[in-house]
Amino acid sequence: MDHLQRVLILLLVAGIPAAAPPLSSPSSELCLAAGSLTYRISQSASADLRVKIDPQAAHPDMRLQLVDKVESADFTIVDDVSAASSPGCEGSASLRSVRIITDASPTDITIALSSETDTAFKLYVHSARFGYEDAAVLFAAMRHYEHARTLRTDGDEDTHPESW
């Protein structure tokens with residue numbers, strides 16, 4: 001019985017590091033590559049795009065519903081827990097920085113996140129690095145830059161709706 005107790009204690013001690021969170025904190029700048037651009041969530045005041053999440057906004061630029069099934073989502077972020085420490089920004093030539101605005105500072109885009117079904121887009125997140133707000137901001141940035149690229153390519157702003 002003494003031998004069994006020692007083995008169990010050894011297994012318990014060996015399993016603690018595997019269950020513990022990493023000692024180094026994750027990067028405060030999350031990145032996601034999509035198409036030819038890489039988007040970085042940054043705290044920098046000189047970010048390329050400023051996005052505010054305001055569920056109470058009367059006229060947000062984008063409404064996103066948080067869903068719990070990947071099949072019903074328009075945008076999904078799923079990652080592997082073992083990849084949680086990889087930053088994803090390294091070597092990106094076309095990098096767009098996005099700042100989440102939490103105060104009354106000027107913004108470029110306002111997003112309303114909700115669980116209501118009357119939204120234009122559905123969002124699913126299962127990630128060790130990205131939360132719903134991070135994913136919503138990245139999705140808004142992707143839509144913003146795609147819309148801007150479409151306008152530049154087509155050259156006729158009148159043929160595109162104001163709201164995406």
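Buried means under 20% relative accessible area, exposed means over 50%, and partly exposed lies in between (1.4 Å probe, protein chains only). The model is predicted: local features need pLDDT of at least 70, side-chain atom pairs count only at pLDDT 80 or more, and totals for chains, interfaces and linings use all residues. Residues are numbered from 1 along each chain as its sequence is written, and side-chain values use heavy atoms, with hydrogens and water left out.

**Exercise 1. Classify arginine 50 and aspartate 108 by exposure, and state how their side chains meet.**

Step 1. Arginine 50 has 26% relative accessibility, so it counts as partly exposed.
Step 2. Aspartate 108, at 36% relative accessibility, also counts as partly exposed.
Step 3. Their side chains meet in a salt bridge, with 3.0 Å from N to O. A salt bridge is a side-chain nitrogen of Lys or Arg within 4 Å of a carboxyl oxygen of Asp or Glu.
Step 4. Because arginine 50 lies in strand β3 and aspartate 108 in the loop between β6 and β7, the pair ties together parts that are 58 residues apart in sequence.

**Exercise 2. Find the partner of arginine 129 in a salt bridge, and place both residues.**

Step 1. The structure holds 2 salt bridges.
Step 2. Arginine 129 pairs with aspartate 79, and the closest N and O atoms are 3.6 Å apart.
Step 3. Arginine 129 is in the loop between β8 and α2, and aspartate 79 is in the loop between β5 and β6, so parts 50 residues apart in sequence are tied together.
Step 4. Aspartate 79 counts as buried, at 19% relative accessibility.

**Exercise 3. Give the strand order of the sheet and identify the edge strands.**

Step 1. The protein has 2 helices and 8 strands, in the sequence pattern α-β-β-β-β-β-β-β-β-α. Helices (H or I, at least four residues) and strands (E, at least two) are DSSP runs, numbered from the N terminus.
Step 2. The open sheet of 8 strands has the order β1-β2-β6-β3-β7-β4-β8-β5, with mixed pairing. Two strands pair if DSSP finds at least two bridges between them.
Step 3. β1 (30–34) and β5 each have a single partner strand, so one side of each is left without a neighbour in the sheet.
Step 4. β5 and β8 run parallel and are joined by 4 bridges; threonine 76 stands opposite tyrosine 124 in β8.
Step 5. β3 and β7 also pair in the parallel sense, over 3 bridges, and the bridge partner of lysine 52 in β7 is threonine 110.

**Exercise 4. Sort the side chains of β5 by face.**

Step 1. In a regular strand the side chains alternate between the two faces of the sheet.
Step 2. Phe75 and Ile77 point to one face and are buried.
Step 3. Thr76 and Val78 point to the other face and are not buried.

**Exercise 5. Describe the largest nonpolar core and the contacts of leucine 64.**

Step 1. A nonpolar core is a set of buried Ala, Val, Leu, Ile, Met, Phe, Trp, Tyr and Cys residues joined through side-chain atoms within 4.5 Å.
Step 2. The largest one has 29 residues, of which Leu64, Ile111 and Leu123 touch the most other members.
Step 3. α2 gives the most to this core, with 9 residues.
Step 4. Beyond neighbours within four places in sequence, leucine 64 is in contact (heavy atoms within 4.5 Å) with residues including Ile111, Leu123, Ala136 and Phe139.
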